[in-house]
Structure formats: C-alpha cells, structure tokens
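Colleague: I am new to this structure and would be grateful for guidance on reading its features. May we take them one at a time?

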Number of protein chains: 2
Amino acid sequence: MTSTPPADSILIDWGTTNARAYRFVRDKEEPDKAARDRRRLPRGIRQVPPGGFPAALAELLGPWLDDAAAPPRILMSGMVGSRQGWVEASYRPCPARLADLAASLCAVPGLPHAHIVPGVCRGGEGAPHDVIRGEEVQVFGAVADDAPAVLCLPGTHSKWVRYADGALVDFATAMTGEVFQVLRSHSLLGALMPAAAAAFEDAAASGVVAEAFRHGLDRSGEPGGLLHHLFGVRAEGLFGAIPADGLEAYLSGLLIGHEIRAMAGLFPTADPVRLVADGTLAGLYTTAFRHLGRAVEVVDAEAATIRGLTRILEQAGLLA
Amino acid sequence: MTSTPPADSILIDWGTTNARAYRFVRDKEEPDKAARDRRRLPRGIRQVPPGGFPAALAELLGPWLDDAAAPPRILMSGMVGSRQGWVEASYRPCPARLADLAASLCAVPGLPHAHIVPGVCRGGEGAPHDVIRGEEVQVFGAVADDAPAVLCLPGTHSKWVRYADGALVDFATAMTGEVFQVLRSHSLLGALMPAAAAAFEDAAASGVVAEAFRHGLDRSGEPGGLLHHLFGVRAEGLFGAIPADGLEAYLSGLLIGHEIRAMAGLFPTADPVRLVADGTLAGLYTTAFRHLGRAVEVVDAEAATIRGLTRILEQAGLLA
C-alpha cells in the first residue's frame, strides 16, 4: 500500500531534542507527482521556552509559510503532544487502530489547520503501565494493514510493539539509550573511556570496537544479571582485557544484548522482527539481532514517520 | 573466635567518600580489656588532593597522634589502596586466605608503621574479571574460619562473596547503588520524584513508601528485564499507579530485587545469606531477602571491618 502525500501538507516529527518537518509540493504539470522538502531544527521540546511553540514552529517552517497560497495543513507527532509540549494530546489505550488515532487528533489553539497525533498507553487494573508517543506513528508507517508483526524501534527509550489485525495491540519500553547515556556521562564506567568516542559505524566489522560490541552481546546472555555485567566494563578495562577504545562499545553491546534478549521474550514471533531505525542505531541493532541468531528486517525510520503521518492525515479526511 | 584488639593500634577503613578510624587503648588496670575510640572524616580518597594523604591522615587521627607514647601501628583498607589512593596495593587472586592478605600488606612510603591491605581480584583466561577492595576485610571479619558461607555486602558496588575452606573463593560485583544514584539524579526517572526523599527507614512497615519498595521487588521477578522495568518508574508515576512519594522506593525495590535474584543464582547456598551491612541498607536488604523468601542473617558492617582488620594485624605479626 502506498499513500500519496497531499499537496500543501506539512508533517512534523517533534521530539525531545529535535524537530523535523516535511513539506509536500504537488507538481502542477503532473498532479500525481509530489516533491518533498525537509527542514530540520535542533530544537526539541526541551529547548522551547514556555509559550515559545508558535515562534519555534515559524522558525522550523521558515520560508515555507511565505510560499504557501493558503495556510498549509500541519500534522505533528511526538513529544510536542506531551504534558511538557505545546498542548497535551491524551493517550489512546491499546489496542489502537489507525482510525482511533485519526479520530482523536488534538487541535492546536490558535492554529486552526494544525493537529497533534495522540500517544498510546497500555496497562491498568494490575497490568504494568507504559506509554508511547511518536513511535505509534512510525508503527503505522512500517506495517502493511493485514500482516501481523513485532517491531523494535530503538532509541533513548526503545519501544517494542506487537501489531496485529490492523491495531497496535501491545508494546513495552526499554530505557536502553538513556541508561547508556547516564552511565557513560555520570558513572565511574566512563572514567576509563577515552573522552572522544571511537568511530563506531559498522559493528559487524573487524577491529577492537566491533569486537568489544560483540563481546558485550555475548556477555549479556550469561548469568549474574545486568547490574553485575555493567561492573565488568570497569573490571575488564582495569585489566586491559578490553582495550580502552572498546569499552564504550562493550557497554553498548551489554545493554542492547540485554534489551533484545528480554524483550524478544515478551514479544515472541516466528517472523523477522521489523527494526524501525536509521543511521548508527540501525547498524548496531542489525548487528546485534544477527549476532544473537535472530532474523531482522530494517525499515527506514524517517520513511516510516512520513508514511505514518500521511496515512493518519488521509484517514482523518484532512487531505487538501 | 574472638580477636583482642591490640593496644596502640589504629585501624582505618578509607573509602571513596569517607574515612573511619578506630583506636584501641588497653586499660592499664585490666590489660585484657580494651576501650575503643572512633573518629570519622567525610574525606574519602576523591576529596584528597594529590600528595594530600599525610595531611588527611593527620586530620583524621587528630589528638590520637599526640596521645601516643610511640608511633601507633596503622592498618588501612579500602580505596586508599587503589591506583587513585595513597599507594597502590596490588590485588591478590582468588582463592585468597587471610594469610595471603597478611603476607601482601603494602608499606606506606615515609610511614614505617603503616600498611595497606591488598584488594582481591578474580578472572582472566576467558573468565570475567572482577575486583574487590575493602570488602575482603569485612568478609574475614564476618565469617568463622571453618564454616562455608555466601555473603552479600550491599552498597554503591554490592559485592557477593563465596567463602569456603578458610578462603575467599569467588565473588561478583553488582552496580546497584551507583545505578540507583545516577538514574535518580541524571535520568528522567528523577523528574517525577519529590526533591526531598521521603523517609525510608523501615521498608517492612506499612505506608506508601514501603509498599512501593515491595512492589518494585515483585516487579523485578517478571519478564521484560531491568531496562524495561526501569521505565515503569515513569509510566506508573504518570498514571498515579505509584504515588510520587513512593517512586524512589519503587526504583530501589526494582534494582535490589534484580540484584538479589540474579546474584543468588550465581551464588547458590542452602544456608542463610550473610548480609554485611548497617543502617538503611541493612533494613532495605533484610526486607528484600525476606520478601523474596530467602533466609538472611545480618552481620554489622562496622564490627566486621574492625574484626577483619584486627585478624589481619594479628596474622601479620604486627601486634604491639
């Protein structure tokens, strides 16, 4: 299934540390063909002062606002809809269908043509709570309507999602990325690591860094638990069993290994896990899945965002 | 077995954030009776500038130096013997007996009557490395010579130790306390917690805080892994399923629960685990062991330090 992006529509993925906008301009000669522009602003919701969202949006969109004949449709997803964002778009409970999200778009006060996609929640009545905001759009951009799938969306807070029968049925979060960052920056594990991170693009390659990453993946399957394995970053470093250049990759391998092993247990599937990622994370997680003997197929995260937002716009009848 | 502390001896437990000194003064009327003084200085090795250890020691001992007829014997343990400490006392490998430690005391340059106890290491040739420094003394203070035991010494870096046949046979570290601190202070998990920690003295009591702690212990046994469970501190907090006052205790329960479950797997025993702790940690871990259905007996950590250092002094033939 493909969705043709509508003309005069702007899709925005606005997270904690970045905002990315995509504009579709239909070709006047060939109305079925749409060109795509993108603009990026390193201003996530944490960098926007109270009351500063209209100005931040104007900066993000820049010349696009002057170009437009009429105010464009704007659809936003991500932390911009959280309590700390522009306006809170309440969570929809699981199971959540595309139509549920499209029916619950949150209006933005003072901007009649702008909406924010709600997040999704699960739990209650004894079951553990969890929340997702932004990745739910990527899920609907990464699946075909009728095929069940387990998806992994790695990041600061990795999301694992079960999709079935046209709905986001269940999900769970692992704090992998944030735990990596705080341990790297604020614990004694960072003390033995070089200040500048070693290049770490291709975890499947040979060399100290890639080897340390795979070593961490292997270690994550041994007894003792994550809290014990973490101390190994220091102990193996002290004895030079892992060179200083490899310690960051070893820590990364430990954490990603623990995430995949435990979350694959929560979300068993006979099919390849659909990994929604790009850049370095796509490389690390692909290596990790394969090293652990698990089938994986990669879906480009940006493409999933654009396709998901477009599908919601379409479903909501907001196409121009 | 009891060890009579020698007269004119000073025992020092010098760690990363604190230094504690104990002096023994033999009663002239009753030579078998020894009184104990203690002095404490909030100056761990991190707070001592390069070259500053002689001055820090003088400050720690204060009037004791003037009182002494002759320079007292000084035996130190802990991070003071690390590479970042006064002088590095190399690690002894496992299995390590009391006699091994006593035979490897490290002299302190310029202080002929002072020594530092070596740490203990394990691993190599494919086996995971680990290090212990300070707690090895407490182990020898907390055991009887001939009885095998599994010991848990909780803290910033919790140590689990197997003692058998008069030797520290094996051990492993869990970063429980440090992970708690960095997540509390530097991750988004701290955002929903009140700035001042709720009183959290008696984890076995009723009330929001104790209940949240036990809830965390229970959750630690469910599938999904620690990285997933950690995010629950935020998610349960967002929905008010755990009140803000209880979130810190919930985080603590999750981490301690994960530590005990995984480390008890590494160190199986039919006997009660010997918990070497005092204060709040003794209360939390005792509650945790009991809540998880595991037998435990508490050994006072300070008493174990004093007894361990005294035994080493004795074994080394350094008694006055």
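Modeller: Certainly. We begin with the naming of elements: helices (H or I, at least four residues) and strands (E, at least two) are DSSP runs, numbered from the N terminus. Please keep in mind that this is a predicted model.

Colleague: With that naming, where is A:E125 found?

Modeller: A:E125 is found in the loop between β9 (120–124) and β10 of chain A. This residue is not a glycine, although its phi is positive, at about 50 degrees.

Colleague: Which peptide bond of chain A is cis?

Modeller: In chain A, the bond from A:C94 to A:P95 is cis, with omega near -5 degrees. A:P95 sits in the loop between β5 (92–93) and β6 (96–97) of chain A. In chain B, a cis peptide bond joins B:C94 and B:P95, with omega about -5 degrees. B:P95 has its place in the loop between β5 (92–93) and β6 (96–97) of chain B.

Colleague: How should I read the packing of helices?

Modeller: Two packed helices are described by the angle between their axes and by the distance between those axes. Here, helix α6 (residues 208–219) of chain A packs against helix α8 (residues 247–266) of chain A at an angle of about 35 degrees, and their axes are 7 Å apart. The crossing of α6(A) and α8(A) is right-handed.

Colleague: Which residues make the contact?

Modeller: From α6(A), the contributors include A:V209, A:A212, A:F213 and A:L217. From α8(A), they include A:A249, A:Y250, A:L254 and A:I256. By class, the contact of α6(A) with α8(A) has eight nonpolar, five polar and three charged residues.

Colleague: How is the relation between the two chains described?

Modeller: Two copies of a chain are related by a rotation about an axis and a shift along it. In this model, chain A is superposed on chain B by a rotation of 180 degrees with 0.0 Å of shift along the axis, and the RMSD is 0.0 Å. That is the relation of a two-fold axis. In chain A, the C-alpha nearest the axis belongs to A:V182, 3.3 Å from it.

Colleague: Why do the copies meet through the same surface?

Modeller: The reason is that 100% of the interface residues of chain A are also interface residues in chain B.

Colleague: How many cavities of 30 Å³ or more does the structure hold?

Modeller: The structure holds three cavities of 30 Å³ or more. The second largest cavity encloses about 40 Å³ of space. Its lining includes A:P128, A:H129 and A:D130, together with B:R219 and B:Y250. The elements giving two or more residues to this lining are β10 (127–132) of chain A and α7 (226–238) of chain B.

Colleague: Which element gives the largest share of that lining?

Modeller: The largest share, four residues, comes from α7(B). By class, the lining of the second largest cavity has three nonpolar, three polar and three charged residues.

Terms used
Residues are numbered from 1 along each chain as its sequence is written. Chains are lettered from A and ligands numbered from 1 in the order in which they are written. This is a predicted model: local features need pLDDT of at least 70, side-chain atom pairs count only at pLDDT 80 or more; totals for chains, interfaces and linings use all residues. Side-chain values use heavy atoms; hydrogens and water are left out. Axes are lines fitted to C-alpha atoms, for helices over the stretch in contact, and angles run from 0 to 180 degrees between N-to-C directions. A crossing is left-handed if the near helix is turned anticlockwise from the far one by less than a right angle, and right-handed if clockwise. Contact means heavy atoms within 4.5 Å. Ala, Val, Leu, Ile, Met, Phe, Trp, Tyr, Cys and Pro count as nonpolar, Asp, Glu, Lys and Arg as charged, and the others, Gly among them, as polar. On a 1 Å grid over the protein atoms alone, a cavity is a set of points where a 1.4 Å probe fits but cannot get out, and a pocket is an open set with protein on both sides within 12 Å along at least five of seven lines; lining residues have an atom within 4 Å of a point. Grid points are joined across faces, edges and corners, and a volume is the space filled by probe spheres set on the points. Copies are superposed by least squares on the C-alpha atoms of residues with pLDDT of at least 70 in both.
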